[in-house]
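Let's take a look at how the ligand is held in this model. Have the structure open and zoom in on the binding site as you read.

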Amino acid sequence: MEVFFTMLLNNKRALITGSTSGIGLAVARAMAAEGAEVILNGFGDADEIAALCDELGATHIGADLMTAAGCEQLMAEAGPVDILMNNAGMQHVAPVDDFPADKWDAIIGLNLNAVFHTTRLAVPHMKKQGWGRLINTASAHSKVASPFKSAYNASKHAVDGFTKTVALELAETGVTANCISPGYVWTPLVENQIPDTMKARNMTREEVINDVLLAKTPTKKFVQPAEVGALAVFLCREEAGNVTGANWSIDGGWTSE
Ligand code: NAD
């Protein structure tokens, strides 16, 4: 007897922003493993990115998503996609009265405005073909706040509201829109905020890890990037066609408090 194994994302083109590192890279790996044609985006060492493209059979578009023009370049070079995961993001940690205005603009530009620009450009093709998956990497900080992250928390709360709106607008089209909201995932984005958090809270590195980051996490474990990848793949399944407008926590219980 012949046995056929069908991969979940055969014949799907998936664009994942900010996928040269961390969560986005894990999502790209998970989607490629299910047969998707993956388009990577993000910065990094050219040789390392070329090696990733070889590993995943992917292409890479290095557009800077900080501006509308950069997002337009990305979407033009990518062409029509079936799956769009808006994942590129950045963080800055400082008290609000000391928060650099240029950091505010950059965080809102990348974490929020880019999500709007790529979405508005991806939707027409998805609507036309009657199938699409929009997934936005929000954060536990789309549901609850922590001090010293005013721009980040504002951007992620807004991504939640934006995603719900898009889900409602597209509800009858076969296109779903959802957020994935991780707690702390050990990636460069988290590692890089430790020095500023040490300064803002007058703490040691170990205190920041145990008393700030993992203190929020009832399981006392960092979320693994591959766990986010598996959730993203689930949202792309046919069986997830009625999952829309949801904001999926993957945070070790943080936001259930
Ligand atoms: P990361 O720093 O490992 O990766 C960020 C990615 O975005 C990289 O590929 C980088 O090159 C890319 N990028 C940065 N600036 C860009 C720009 N201007 N244009 C295009 N690409 C750009 O970070 P990560 O932790 O994997 O974070 C990914 C997403 O997950 C972000 O939206 C972040 O807010 C969210 N998130 C992370 C955590 C966490 O604990 N790490 C928790 C919740 C949510």
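A nitrogen atom of the ligand lies 2.8 Å from an N or O atom in the side chain of Asp64. Keep in mind that this is a predicted model. Here is that contact alongside two that involve an oxygen atom of the ligand.

| Ligand atom | Protein partner | Distance |
|---|---|---|
| nitrogen | Asp64, side-chain N or O atom | 2.8 Å |
| oxygen | Tyr152, side-chain N or O atom | 2.6 Å |
| oxygen | Gly18, polar backbone atom | 3.4 Å |

How much of the ligand does the protein bury? On its own the ligand would expose 830 Å², and 92% of that is buried by the protein. As for where it is, the ligand sits in the largest pocket.

Now for the shell itself. There are 30 residues around the ligand, and Ser21, Asn87, Tyr152, Val185 and Thr187 come nearest. Tyr152 is also the residue whose side chain makes the 2.6 Å contact in the table. By type, the shell splits into 15 nonpolar residues, 13 polar ones and two charged ones.

Which elements give two or more residues to the shell? They are helix 1 (22-33), helix 5 (150-169) and helix 6 (188-191). Helix 6 supplies the largest share, with three residues.

Zoom out to the domains, and ask where the ligand lies relative to them. Domain 1 (13-185 + 224-250) and domain 2 (186-222) each contribute residues to the shell, so the ligand lies between the two.

Key:
Residues are numbered from 1 along each chain as its sequence is written. This is a predicted model: local features need pLDDT of at least 70, side-chain atom pairs count only at pLDDT 80 or more; totals for chains, interfaces and linings use all residues. Side-chain values use heavy atoms; hydrogens and water are left out. A residue is near a molecule or strand if one of its heavy atoms lies within 4 Å of it. A polar contact is a pair of N or O atoms within 3.5 Å; within protein, one must be able to donate a hydrogen and the other to accept it, and residues adjacent in sequence count only if both atoms are side-chain atoms. Accessible areas come from the Shrake-Rupley method with a 1.4 Å probe; for residues, only the protein chains shown count as cover. On a 1 Å grid over the protein atoms alone, a cavity is a set of points where a 1.4 Å probe fits but cannot get out, and a pocket is an open set with protein on both sides within 12 Å along at least five of seven lines; lining residues have an atom within 4 Å of a point. A molecule sits in a cavity or pocket if more than half of its atoms lie within 2 Å of its grid points. Helices (H or I, at least four residues) and strands (E, at least two) are DSSP runs, numbered from the N terminus. Ala, Val, Leu, Ile, Met, Phe, Trp, Tyr, Cys and Pro count as nonpolar, Asp, Glu, Lys and Arg as charged, and the others, Gly among them, as polar. Domain bounds come from an automatic or database domain assignment.
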